[in-house]
Amino acid sequence: MGRRGPGWEYGFAAQRPLADGRPLLLMDCRGYGDSPDTERSDVETDAEDVVRLLGPGGAHVVGHGNGAVAALIAAARRPDLVRSLALIQPSAFTAAADHPLVADLLARVRAIDPPEETSPEQYLRASTEGLGMRMPAPTPRRLRAVTTSMRERPIWEAETPLSPIREAAVPTLVICGDWRDAPTAYREHVGRPLMVVAESVTASLGAHLLRVPGYYPHTQQPAAVNSALRDFWD
């Protein structure tokens, strides 16, 4: 799961071939894609939605970014229903909050206070062009997602309970990009902290860490990620 489950640019559309041998559910979080609106997006609520979707026999759970944090929380609540856990660049900053790179990132984002009159399009531009990236087309669907993001509970407030997952020995795979070709500002301010988080979560859970080229592993390197997921699930 990610915030935009079935999408091509940020979601899991490139993972649809994995449905050739098993049911595949691509989840939109509330306020994104085809899911209903929400007053305030919260990763804890997303985690509850994941738990409700697991079913009596459980499932293999995959999450990206904030969606990976929701997957972690869901797995901690019901490890008996999680056959395996795959985390793609998890935004689990509290798991490595003491590391200087992560601490610096958290200090910077906590100090950001966008003016109340900031529009979704302005927010989209600042969060992309401000990091050296191309601003995607401000379509109504994307601006709805941005509006949801603007009023969500900050991800750095989410506790990531790793102990229940480790104690239950849930098989875990962490996938991270190498960020070498990312825009410089994006790599320095976001990529390097995310790589630290990936390494910290891997060590804490006794997981396996897979590094792939790029900075959106499942969209930029779908063949490598899909192959790794197939092997992991088997």
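## What counts as buried

A residue is called buried here when its relative accessible area is under 20%, exposed when that figure is over 50%, and partly exposed in between. With a relative accessible area of 15%, Tyr215 falls under the 20% cut-off, so it is buried. Keep in mind that the whole thing is a predicted model.

## The largest pocket

Let's start with the open space. The largest pocket comes in at a volume of about 1700 Å³. It is lined by 44 residues, and the ones closest to its centre are Asn66, Tyr123, Ser127, Ser149 and Glu152. Five helices give two or more residues each to this lining: helix 2 (66-77), helix 3 (100-111), helix 4 (120-128), helix 5 (140-150) and helix 7 (184-205).

Which helix gives the most to the lining of the largest pocket? That's helix 4, with 6 residues. As for chemistry, sort the lining by class and you get 25 nonpolar, 13 polar and 6 charged residues.

## The second largest pocket

The second largest pocket holds about 550 Å³ of space. Its lining has 21 residues, with Leu24, Leu25, Ala59, His60 and Val61 closest to the centre. Helix 1 (43-53), strand 1 (59-64) and helix 9 (222-233) each chip in at least two lining residues, and strand 1 gives the most, with 4 residues. The class breakdown for this lining is 16 nonpolar, 3 polar and 2 charged residues.

Leu24, one of the residues closest to the centre of this pocket, also turns up in the surroundings of Gln15. Gln15 sits in the segment before helix 1 and is buried, with a relative accessible area of 2%. Leaving out neighbours within four places in sequence, Gln15 is in contact with Leu24, His218, Pro222, Val225 and Asn226.

Ser35 is another residue from the segment before helix 1. Its relative accessibility is 16%, so it counts as buried. Once residues up to four places away in sequence are set aside, Ser35 touches Asp28, Cys29, Arg30 and Arg144.

## An aromatic cluster

The count of aromatic pairs in the model is 4. One of them is Trp179 with Tyr186, an edge-to-face pair at 4.9 Å centre to centre and 70° between the planes. Trp179 and Tyr186 are both buried. Tyr186 also pairs with Tyr215: their ring centres are 5.8 Å apart and their planes stand at 90°, so this pair is edge-to-face. Why does the Tyr186 and Tyr215 pair tie together parts that are apart in sequence? Tyr186 lies in helix 7, whereas Tyr215 is in the loop between strand 4 (208-212) and helix 8 (217-220), so the pair links parts that are 29 residues apart in sequence.

How exposed or buried is Tyr186? It is buried, at a relative accessible area of 9%. Put the ring pairs together and you have a cluster made of Trp179, Tyr186, Tyr215 and Tyr216.

## Strand 2 and what follows it

Strand 1 and strand 2 (82-88) run parallel, joined by 6 bridges,. Within that pairing, His64 stands opposite Ile88 in strand 2. Of the 7 residues in strand 2, 6 are buried, so the strand is largely enclosed by the rest of the structure.

Gln89 is in the loop between strand 2 and helix 3. Gln89 is buried as well, with a relative accessible area of 3%. Its backbone deserves a look: phi is positive, about 45°, although Gln89 is not a glycine. Most residues other than glycine have a negative phi.

## Pro79 and its partners

Pro79 belongs to the loop between helix 2 and strand 2, and it is partly exposed, with a relative accessible area of 23%. Apart from neighbours within four places in sequence, it contacts Pro164, Ala168 and Val170. Pro79 and Glu167 are 88 residues apart in sequence, with 9.4 Å between their C-alpha atoms.

Ala169 has a positive phi too, at about 55°, and it is not a glycine either. This residue lies in the loop between helix 6 (163-167) and strand 3 (172-177). Is Ala169 buried or exposed? With a relative accessible area of 57%, Ala169 is exposed, whereas Gln89 is buried.

Note on methods:
Residues are numbered from 1 along each chain as its sequence is written. This is a predicted model: local features need pLDDT of at least 70, side-chain atom pairs count only at pLDDT 80 or more; totals for chains, interfaces and linings use all residues. Side-chain values use heavy atoms; hydrogens and water are left out. On a 1 Å grid over the protein atoms alone, a cavity is a set of points where a 1.4 Å probe fits but cannot get out, and a pocket is an open set with protein on both sides within 12 Å along at least five of seven lines; lining residues have an atom within 4 Å of a point. Grid points are joined across faces, edges and corners, and a volume is the space filled by probe spheres set on the points. Ala, Val, Leu, Ile, Met, Phe, Trp, Tyr, Cys and Pro count as nonpolar, Asp, Glu, Lys and Arg as charged, and the others, Gly among them, as polar. Rings of Phe, Tyr and Trp (its six-membered ring) pair if their centres lie within 6.5 Å; planes under 30 degrees apart count as stacked, over 60 as edge-to-face and the rest as tilted. Buried means under 20% relative accessible area, exposed over 50%, partly exposed in between (1.4 Å probe, protein chains only). Contact means heavy atoms within 4.5 Å. Two strands pair if DSSP finds at least two bridges between them.
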